[in-house]
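I opened my notebook for this one and went through helix packing and strand pairing, piece by piece. Here is what I looked up, in the order I looked.

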Amino acid sequence: TKAAGENGSAEGGNSGDISGDITFSWWGGDSRHEATEKAIEAFQTKYPSVTVSPEYGAWSGWEEKQSLNILGGNSADLMQINWNWIDSYSNNGTNFADLNQYADIIDLSQFPEDALAQCTVDGKLMAVPIAMTGRLFYWNKTTFDKIGVEIPTTLDELLAAGKAFEAYDDSYYPLVTKELDRAFLMVYYLQCKYGKDWVKDGALQYSQEEIAEGFDFLKNLEDNHVIPTLQKVAGDGADLIDTNANWIDGHYAGIFLYDTSIVKHAEAVKDGEFVIGDYIKMGDYHGGFIKVNQAFGISATTEHPAEAAALIQFLVAEEDGVKTLGDTRGVPANKAGLSMLDLSGSQVAEANAKVMEWSSFQMDPTFERNSFTGADGTFFNALQLSSYGESDSMSCAKIVEDGVANELSSTGL
């Protein structure tokens, strides 16, 4: 096989053409890790001349590590990437292989054209979409039933739930958010109220005053005991919500998260029945982003692009790969793969259907940049300043406004 930059590709028709050692990196929870390792075993059975070395871990710190690898030319041959990594790390389409060149191995006709377009830079296909996704509310019904509160569907009901939880035991909260969750929840509220994209045509659509209303909204949730303060969550001593003792034992009873993440959060709880909530009505519009969830990309420096492409095709469109992965990366965007799965009992599929029916706003790729909503990013820091009481809402809004302007004017590198 040849280097990723060369035209054409190795013929993927029989396993004799596919040989070599490749690395494959991804992040996720235990259910995704186990399913992916089994899928790799099945792939190696089909292609005995290929050895796949997995590299995986939890999300915390993952992007920082992988961005250095990508920018330094040391990334895995095949990578599960976030959609916004294309914007942040592709370096104008040079750090990932152009998958159009491997269309004889990966059947690109099975992917939605608009999703492929979101993964294209300067005519080069940087990755193929794994799934489409968005965030929604997910509730520990066991805790709500114990306290005697209905699952909220309006903002007033959510605020009342906070007070009811506090009256029952002030160590219980109906919802928990870390900084990134707050960023999404705040924009959800603003979009519900104003019905506008966050960013459109390269410009922020919200004024400083409107953004300040978002910070006031979060403070109102804290004041009504709906969400613990960021200081309280930090004091819990866990990097992730699904490893937080208060989540595991049901003291935190709800979360606003991606549909692809619900399984690992439910599995982490010792005793709890989880239900997918309705979108909470916070205005006249349907707030919330949808985006390409994750994608599979191939390093531009790989010596085995055809082998990596064959693994992509196996995972997204061949029965042994697709059925082994199931919904561990969401509901497949690949039409052939989707047709192979029975998702009738899948909460992930139920959640995804609810997301796709409700949400109408496309995410701007700069929103999830580390420098914006990642640890010590501008939005991240503004959320901390607000929750810790160190800055007022208008000052925090100015930080976010300037942060958006900076992201939109830079490449993200």
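**Entry 1: H7 against H17**

I began with a helix contact: Glu 179, Arg 182, Ala 183, Met 186 and Val 187 of H7 meet Phe 379, Phe 380, Leu 383, Gln 384 and Ser 387 of H17. I sorted the residues of this contact by type and got six nonpolar, two polar and two charged. A reminder to myself: this is a predicted model.

Next I looked at the geometry. Two packed helices are described by the angle between their axes and the distance between the axes. For H7 (residues 179-194) and H17 (residues 378-387), the axes come within 9 Å and cross at roughly 90 degrees. H7 is therefore roughly perpendicular to H17.

**Entry 2: Arg 182**

I picked one residue of H7 for a closer look, Arg 182. Is Arg 182 buried or exposed? Its relative accessibility is 2%, so Arg 182 counts as buried. I then listed what Arg 182 touches, leaving out residues up to four places away in sequence: Thr 177, Leu 218, Glu 222, Ile 227, Pro 228, Thr 229, Leu 230, Leu 383 and Ser 387.

**Entry 3: the buried side of H17**

Which residues of H17 are buried? I noted Phe 379, Phe 380, Ala 382, Leu 383, Ser 386 and Ser 387. Viewed down the axis of H17, these buried residues fall within an arc of 165 degrees, so they line one face of the helix. The general rule I had in mind is that an α-helix has 3.6 residues a turn, so residues three or four places apart point the same way.

What do the buried residues of H17 pack against? My list has H7, helix H8 (208-223), helix H9 (230-235), helix H16 (370-373) and helix H18 (393-408). I also jotted down that Gly 389, just after H17, takes a positive phi of about 75 degrees.

**Entry 4: H17 against H18**

I took H18 from that list. The axes of H17 and H18 come within 9 Å and cross at roughly 175 degrees. That makes H17 roughly antiparallel to H18. On the H17 side I found Thr 378, Phe 379, Ala 382, Leu 385 and Ser 386, and on the H18 side Cys 396, Ile 399, Val 400 and Gly 403. The residues of this contact divide into six nonpolar, three polar and no charged.

While in H18, I checked Ser 395. With 34% relative accessibility, Ser 395 counts as partly exposed. I also looked up a distance: the C-alpha atoms of Ser 395 and Ile 241 are separated by 28 Å, and the two residues are 154 residues apart along the chain.

**Entry 5: the five-stranded sheet**

I moved on to the strands. An open sheet of five strands runs in the order E2-E1-E3-E13-E6, with mixed pairing. Strand E2 (50-57) and strand E6 (128-129) are at the edges with a single partner strand each, so one side of each has no neighbour in the sheet.

Then I went through some of the pairs. E1 and E3 are parallel over two bridges, and Phe 24 has Leu 78 in E3 as its bridge partner. E3 and E13 are antiparallel, with five bridges; there Met 79 is matched with Gly 297 in E13. E6 and strand E13 (residues 294-298) are antiparallel too, joined by two bridges, and Pro 129 has Ala 295 in E13 as its bridge partner.

Two helices went into the same entry. Helix H2 (residues 62-71) packs on the sheet and touches E1, E2 and E3, its direction making about 145 degrees with that of E1. Helix H1 (residues 30-46) lies across strand E1 (20-27), E2, strand E3 (78-82) and E13, at about 175 degrees to E2.

**Entry 6: how enclosed is E3?**

How many residues of E3 are buried? I counted five of the five, so E3 is largely enclosed by the rest of the structure. Both faces are covered, with Leu 78, Gln 80 and Asn 82 buried on one side and Met 79 and Ile 81 on the other. In a regular strand the side chains alternate between the two faces of the sheet.

**Entry 7: pairs around E12**

I finished with E12. Strand E7 (residues 132-140) and strand E12 (residues 289-292) are antiparallel and joined by three bridges, and Met 132 has Val 292 in E12 as its bridge partner. E12 also pairs with strand E14 (residues 361-362), this time parallel and over two bridges. In that pair, Phe 289 stands opposite Phe 361 in E14.

Note on methods:
Residues are numbered from 1 along each chain as its sequence is written. This is a predicted model: local features need pLDDT of at least 70, side-chain atom pairs count only at pLDDT 80 or more; totals for chains, interfaces and linings use all residues. Side-chain values use heavy atoms; hydrogens and water are left out. Axes are lines fitted to C-alpha atoms, for helices over the stretch in contact, and angles run from 0 to 180 degrees between N-to-C directions. Helices (H or I, at least four residues) and strands (E, at least two) are DSSP runs, numbered from the N terminus. Angles under 35 degrees count as roughly parallel, over 145 as roughly antiparallel, 65 to 115 as roughly perpendicular and the rest as oblique. Contact means heavy atoms within 4.5 Å. Ala, Val, Leu, Ile, Met, Phe, Trp, Tyr, Cys and Pro count as nonpolar, Asp, Glu, Lys and Arg as charged, and the others, Gly among them, as polar. Buried means under 20% relative accessible area, exposed over 50%, partly exposed in between (1.4 Å probe, protein chains only). The arc is that of the directions from the helix axis to the C-beta atoms. Two strands pair if DSSP finds at least two bridges between them.
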